Amino acid sequence: MLVVCVDGRSERRVPQHPEIPHEERSHGLNVKVKRKQCKQQLLFILILISLPSNGNSLFFGSSSSESKEVENELIPLTFGALFPMESSAGGWAGGPACLPAVEMALEDVNKRQDILPGYRLQMNTSDSKCQTGLSIQQMYQFIYNDPKKLMMMTGCSTVTTVISEIAPEWKLVVLAYGASSPALSNRERFPTLFRTHPSATIQNPTRMRLFEKWKWKKVTILSSVEEVFVSTAKDLEKSCSDKGIRVQRQSFFGDPADAVKTLKRQDARIIVGLFYEADARRVLCQAYKQGVYGRKYVWFFIGWYSNTWHIPPFEEHLNCTSDQMEIAAQYHFTTESLMLSLDSTPGVSGYTGNQFKNRLIERVDSDRSPGEMGGFPEAPLAYDAVWALALALRCTIRALPQNVKIEDFTYKNEAVAGQIFDCMKNTSFQGVSGRVMFSDQGDRIVQTQIEQMQDGKYQLVGYYDMTTKNLTWMGKEKWFGKGPPPDSTIVRQQILTVSIKIYYVVCFFSILGLFMTIGLFIFNRKYGYRSVISQSQPQCNNALLFGSAMCCFALFLMGLPADGLTLPKTIFGAFCHIRISLLMIGFTFAYGSMFAKVWIVHRLGATESQQLANRHKDELKPLLSSYATKEEASPWDSIRTLITGLAGNRAVMGNALRKVSSAAYGNLQAKRSTSNSSMADFLNQPISAIKFYLVIATFLLLDLLIIFFWIIVDPLQRKEQKYPRQEPPPGSKEEDTMIEPVLELCQSSNQEVWIGVVLGYKCILLVFGLFLAYESRKLKLRYINDARFVGLAIYNVAILSLVTGPVVTLLIRTQADANFAFISVTVLLCCYISLGLIFVPKISHIHRFPPTADETEPKMSNGTQRLSTSDKSKYDLVVKDNESLQQKINNTEERIRQCRRRLDLLTNGGEAPSSSADTRGGLSVSEEHTFSSPTTLTTTALIELQPSTISNNNHDTQSTHHTGHFINDEMDNSDSSSDEIFL
Ligand code: ABU
């Protein structure tokens, strides 16, 4: 051993040992002692040199302050101790302060005669560098080299973990002075471990208290992958989630650049860093580089780093300067267990915490401030660890039977080992770090101190006592801004509403629509006596007006919430149902009334065709077969037949037969007069309003059923749809704030199902309505005089609705303005166009044509009271029927007269009539002027089929002439109806 006094200071060199690598040996050169101790130590080391080597010294050497003579009389009790003197791999380098503390404790113990009388406590030491592999190797060297070690003492958590896992193999108790890993509190895994260092989890309640104090609800934990930090992070995460604090966790191994980047991306603001000191520097450098520091961020680091840990050492080659590191470290907080007793009563060693601290400061190098020395905060724990060990050995010596000596301990001796374990477990004394005693798990409960770095120096800002939950706050903390920053970017939700301008424009047109419906209702009532109104099913038109008004009213609600017009969240669900129901029912009344008209017109047309066909079934038979073979059914025919089948079974036959009847026209014309006459009568029958009401009521019932089950089974609820956050508008004073657009939607759990049901049902109605309107486009009924306009209105509504429905429900559901505008334009167009098509011609007609005598006659000619509209209609019909019958009688009489004349001629031996063609022609002429027109529908079919029928059947020229004449006549008749309105 060599002791060199350089420049007035002493430097102790450790004994050279052939088994220790050079790096370890050279470490001893760095261990300095105080100048004033130089002489004393020189003397002490000279004594040691003069002692024969007993192999006790592994690295730092055996420590003893007794004289050779005294030592020879004392029995040495040796323990092995590992000190992390440096941390090239990034662990905790607490050796520089802890080793002197342990040495001091050894001196103090050995000085006292009452602690281990007759024994001398000594230790073998090694520099573990806080590396697991190296520490295992050193452990083997301890074991396989004399003297026998009674116990092991360890420093950092990683080393303690491996040593205390293998130590039971040699019946060794392990005492850790610098291991904080919560994972070590596990008796099954570490059966012989005790530690004077509190578990790192003890700081988590303090951190939680601070989160609470500053009302942070979101924190991020950044930890390296060592078990000590992972288990601390897990414990903190659990504590946070118990308190409703949101936690994000990031871990890294080696370079923390990506982890810090992720923190930034995740908008982490309150960051708890759990890693060793070297990693902390790397993290801080990355935080600086990526701007994760300053006003918006608060970092929490571990408190047991040296005071100047943030200054990058040259050998670490950090890509940050000291200034940059200091900027990044500004105002971070640290939490650490209080490891120095503040008690003024001396403990078992005879020293108070403060006295110990002063002695240690005197003992270690005065060039470096104690705060800069690794392990300085833990030094009291190391000092107390030696005392705990010594007291446990004393207890063991006393407890062992007379014939069993502690110095006879072998690595297989369970009796001694068991006794040491029991004694250690029951240790209890007042140390310089506070009361030292071990729980079943071996944990210590101590106070925590909170410090903040202010301009490169740590400032004590508070204490926390987790047993009393008392936070002592000094109010010395500083912030970049006015106070603690928020735990994340302040997100201000902005409800996406309909633009108020669009809303007002739509409201204007809706109000206009409402006034229009009221005006038209009054008009309908006022001119109900005019045939143009009375023969247009005014009740049905009133339903159209009512439905249109409802749809217009629904638009007021559809546009909410609009800018400045919000809705309470509590009523949002009910509100959703109200506006959808209003629109559905409004549609049912408006569209249903028009649908009812085309439906009934179509049915009447179909019935007429069927009756026509029935009457001439016999005549059709031969033609039916030839027609069937010649006309190929197109796909459209098939579809039409199918849809018609839905409209009514009778119509199927009628529709099919209609074509046939057209094909058979040539044969039928001689007979048609009778049929046409009765058909006209049939089509001109007044139609009961009940029929229309029934159709509307059926649709309404379906609507109500859907709405009812929707509300009961899966009611609509307010759902927020959030959009990517945006910066506040330029010039906004909101700092650190982002705008989050939120759209309020009406949503059921099975939204798609309900949309499918409603849209499906309405779509079927629309498509069916389109079909019926098309089919009945030329059929004119006296008592539904506006059927053609209704058809046009249906085309319009159907096309608009079929486009709008899917667009608003599927494509632009989430675009408030577009959605509302689309719906509004559709609803308003449907209402305006339908009302216009149905009422404008009526208004125009009434405006242009004054009422006829019948319409204005207040009383009947015989002086009776004026008839009601429906009675008058019936009256008109009866008059017409009467005329028709009278005509028939006249015709029949005429024919009787002709027959009689012929009979007379035959009876009198005269010539027979010239030809059958003449007779047929005579009949035709007569009949043409006798019967009212067939329906346009029939006529259309006849026009379509006539040429082919003619050519196929080889009709003669006369037949062709008749046909053409008939068609013209037919068209004339149809156009001559005074009850119908034409554009
Ligand atoms: N206070 C130092 C803790 C070191 C460690 O647990 O590894």
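**View 1. Strand β5 is mostly covered in this predicted model.** The strand spans residues 149–154. Of its 6 residues, 6 are buried. The cut-off for buried is under 20% relative accessible area.

**View 2. Strand β5 pairs with β3 and with β6.** Strand β3 covers residues 75–83 and runs parallel to β5. The two are joined by 4 bridges. One bridge sets T78 against K149 of β5. Strand β6, residues 173–176, also pairs with β5 in the parallel sense. Here too the bridges number 4. Look for T154, which stands opposite A176 of β6.

**View 3. A helix links β5 and β6 in a β-α-β unit.** The helix is α6, residues 157–166. Which hand does the β-α-β unit have? The unit of β5, α6 and β6 is right-handed.

**View 4. Helix α11 has buried residues on the same side.** The helix runs over residues 322–329. Its buried residues include M325, A328 and A329. These three share a side of α11 because they cover an arc of only 95 degrees around the axis. A general rule of helices fits this view: an α-helix has 3.6 residues a turn, so residues three or four places apart point the same way. What covers the buried residues of α11? The cover includes α10, residues 277–289. It also includes β15, residues 448–454. Y331 follows the helix. The phi of Y331 is positive, near 65 degrees.

**View 5. Two spans come from the "transmembrane region" list in UniProt.** The entry is unreviewed. It lists residues 502–523, 543–560, 580–600, 692–713, 753–773, 793–812 and 818–840. In the model, residues 543–560 are 89% helix and 0% strand. The end C-alpha atoms of that span lie 27 Å apart. Residues 818–840 are 100% helix and 0% strand. For this span, the end C-alpha atoms are 31 Å apart.

**View 6. The whole chain gives the setting for the close-ups.** The chain holds 32 helices and 20 strands. It has 983 residues, and 53% of them are buried. Take the contacts between residues at least 6 apart in sequence: 76% of these join residues at least 24 apart. The chain exposes about 45000 Å². Carbon and sulfur atoms supply 57% of that area.

How values were computed: Residues numbered from 1 in each chain as written. Predicted model: local features only at pLDDT ≥ 70, side-chain atom pairs only at ≥ 80, totals over all residues. Heavy atoms only, no water. Buried < 20%, exposed > 50% of the residue type's maximum accessible area, 1.4 Å probe, protein only. Pairing = 2+ DSSP bridges. Right-handed = clockwise from strand over helix to strand, strands pointing away. Arc of directions from axis to C-beta. Contact = heavy atoms within 4.5 Å. UniProt positions renumbered as here; feature names shortened; annotations may be inferred. Areas by Shrake-Rupley, 256 points an atom, 1.4 Å probe, with all protein chains shown as cover.
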